[in-house]
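Could you walk me through this structure, one selection at a time? I have it open in my viewer and would like to know what to click on next.

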Amino acid sequence: MTHRFDPTSLREYDIRGIVGKTLGTADADAIGRGFGTRVRRAGGTRVAVGYDGRLSSPELEAALIGGLTAAGVDVVRIGMGPTPMLYYAEATLEVDGGIEITGSHNPSDYNGFKMVLQHKPFFGADIQDLGRMAAEGDWETGEGTVSTADIEDEYVGRLVAGFAGGTYKIGWDAGNGVSGPIIEKLVKFLPGEHHLLFTDVDGNFPNHHPDPTDEANLVDLKRLVAEKNLDFGLAFDGDGDRIGAIDGEGRVIWGDQILSILAEPVLKELPGATIIADVKASQMLYDRVEELGGKPLMWKTGHSLIKMKMKETNSPLAGEMSGHIFFAHEYYGFDDAQYAAVRFIRAAHMIGKSVTELRGAMPALVNTPEMRFQVDESRKFAVVEEVLARLEADGAEVDRTDGARVNTPDGWWLLRASNTQDVLVARAEAKDQPALDRLLAMIDDQLEKSGLQRGPQAAH
């Protein structure tokens, strides 16, 4: 018995595809068999399985469990919940791995799988290995059992354990994603006044798309904060591993700005600690971490890569521009938007300023959103190498951590290849609009020299 995956579904950090087109129950079964085989060959016997609120998740869960048990692995079903609840299950239950069925922040017809094996991210070569095993039918066989564990209340309890935050008026937008029921329970343990939006789980996402990094999806939250005169607002993506925020005036607090607020109390407690951010983060963040007495470290984009780097550097806190926030300080080191929300409330209280004041004190820089444009898969890494070669020949100040990040007197710009799609990603940040225009002209010039141009925005 063998299986072939659609090659577009086996990505760098997870498996993801369009249900009924590039992903289906046969794939779920093969993932279960392959992952179960890897668990057994590593000496393990049990795997936790959870799923998000997408319409296709229950049937994929059934097929996945079928594959895991056929590989001789016992399954602990934790039911519907955010990806970080699955990570929490994997960290605290007696299991050897975990799989969350989730389409993350993708449109409603997508779904996928995020995996953890023995407390480590399962990505890159591991995911390609599942493809090889399926093609060869290289699977263990056996008869695993299925049990259930209801950990939702325990997870919520862990989120608020040791909470020492202040009393605020907060808006919460779950975007009909799977964080909704957790947030409903969570706010009952928090002081202050809480106003909730779209906490009913609905895989059709009828109100807005659950991606808090797109400002268009924060309109309802901005309206709520304004109407109720709230202190700030928090928003969550479809599977609860990415957070967004706005201040009391409705200004967006981007991922790197959230991280700069969270870093302050952590560095008070752990002076000199390494704080990690991805290559897309603002220079403001790296400067702020240094100012607070920490060691800023710029690293590659991708939640699995950041988690590995945190372990290597013993970093207590890391974050990505995309709103993934990772706490190893007093937590488990995985990205959890619900926990980040609790720590955000606590950080504002400990710093002793309102969120609006904190946002207002940040340097007024002008920057582009993440610009993503389609490029032929065979060219994406080659283009970045061509750009790097030209820049270095010209004596430019270039950081090669993840693509090309170029520092100039006007600010900085970035060009990198996406690890998960046939897309180039660009971003620029400057002190004013004319300077930003000059940076964009530099990006366009480099693309043109490689026979490309910035096209229309590509989807995530």
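Here is a short tour, stop by stop, through a model that is predicted.

**Stop 1: an open sheet**

Start by selecting β8, residues 169-173, and then bring up the strands around it. You should find 5 strands forming an open sheet, in the order β9-β8-β10-β11-β12, with mixed pairing. Look at the two ends of that order: β9 (193-197) and β12 (252-253) are the edge strands, and each has a single partner, so one side of each has no neighbour in the sheet.

Now zoom in on β8 and β9. The two run parallel and are joined by 5 bridges. Click on Ile170 and you'll see His194 of β9 opposite. Do the same with Trp172, and the residue facing it in β9 is Leu196. Is β8 mostly covered or mostly open? Mostly covered: 4 of its 5 residues are buried.

**Stop 2: helices on the sheet**

Keep the sheet on screen and add helix α7, residues 219-228. This helix packs on the sheet and touches β8, β9, β10 (232-236), β11 (243-247) and β12. Its direction makes about 160° with that of β8. Next, add helix α11, residues 337-351. α11 packs on the sheet too, touching β8, β10, β11 and β12, and its direction makes about 165° with that of β10.

**Stop 3: two residues with positive phi**

A bit of background first: most residues other than glycine have a negative phi. Select Phe198, in the loop between β9 and α7. Its phi is near 50°, a positive value in a residue that isn't glycine. Phe198 counts as buried, because its relative accessibility is 18% and the cut-off for buried is under 20%.

Then hop to the loop between α7 and β10, where you'll find Asn229. Asn229 isn't a glycine either, yet its phi is positive, at about 55°. Buried or exposed? Asn229 counts as exposed, with 56% relative accessibility.

**Stop 4: a helix pair**

How do you describe two packed helices? By the angle between their axes and the distance between the axes. Leave α11 showing and add α8, residues 255-269. These two pack at an angle of about 60°, and their axes are 9 Å apart. The crossing of α8 past α11 is left-handed.

Turn on side chains to see who meets whom:

- From α8: Ile258, Ile261, Leu262, Glu264, Pro265 and Val266.
- From α11: Ala340, Arg343, Phe344, Ala347, Met350 and Ile351.

Colour the residues of this contact by type and you get 10 nonpolar, 2 charged and no polar.

**Stop 5: a buried aspartate**

Jump to the loop between β2 (46-51) and α2 (57-70) and select Asp52. Asp52 is buried, with a relative accessible area of 1%. Which backbone nitrogens does its side chain reach? One belongs to Arg54, at 3.0 Å, and another to Gly103, at 3.1 Å. Setting aside neighbours within four places in sequence, Asp52 is in contact with several residues, including Ser57, Met80, Glu100, Asn111 and Val178.

**Stop 6: a covered strand and its partners**

For the last stop, select β22, residues 423-430. How many of its 8 residues are buried? The count is 8 of 8. Val423, Val425, Arg427 and Glu429 point one way, while Leu424, Ala426, Ala428 and Ala430 point the other way.

Now show the strands that pair with β22 in the antiparallel sense:

- β17 (residues 366-367) pairs over 2 bridges, with Val366 opposite Ala430.
- β18 (residues 371-374) pairs over 4 bridges, and the partner of Phe373 is Leu424.
- β21 pairs over 7 bridges, and the partner of Ala417 is Leu424.

β21 and β22 are also joined as a hairpin through 5 residues. In that loop, click on Ser418. Ser418 counts as buried at 5% relative accessibility. Leaving out residues up to four places away in sequence, Ser418 touches Lys380, Phe381, Val423 and Val425. Two of those names, Val423 and Val425, you've already met in β22.

Definitions and conventions:
Residues numbered from 1 in each chain as written. Predicted model: local features only at pLDDT ≥ 70, side-chain atom pairs only at ≥ 80, totals over all residues. Heavy atoms only, no water. Pairing = 2+ DSSP bridges. Contact = heavy atoms within 4.5 Å. Axes fitted to C-alpha atoms, helices over the stretch in contact; angles between N-to-C directions. Buried < 20%, exposed > 50% of the residue type's maximum accessible area, 1.4 Å probe, protein only. Polar contact = N/O pair within 3.5 Å; in protein donor to acceptor, adjacent residues only side chain to side chain. Left-handed = near helix turned anticlockwise from the far one by under 90°. Nonpolar A, V, L, I, M, F, W, Y, C, P; charged D, E, K, R; others polar.
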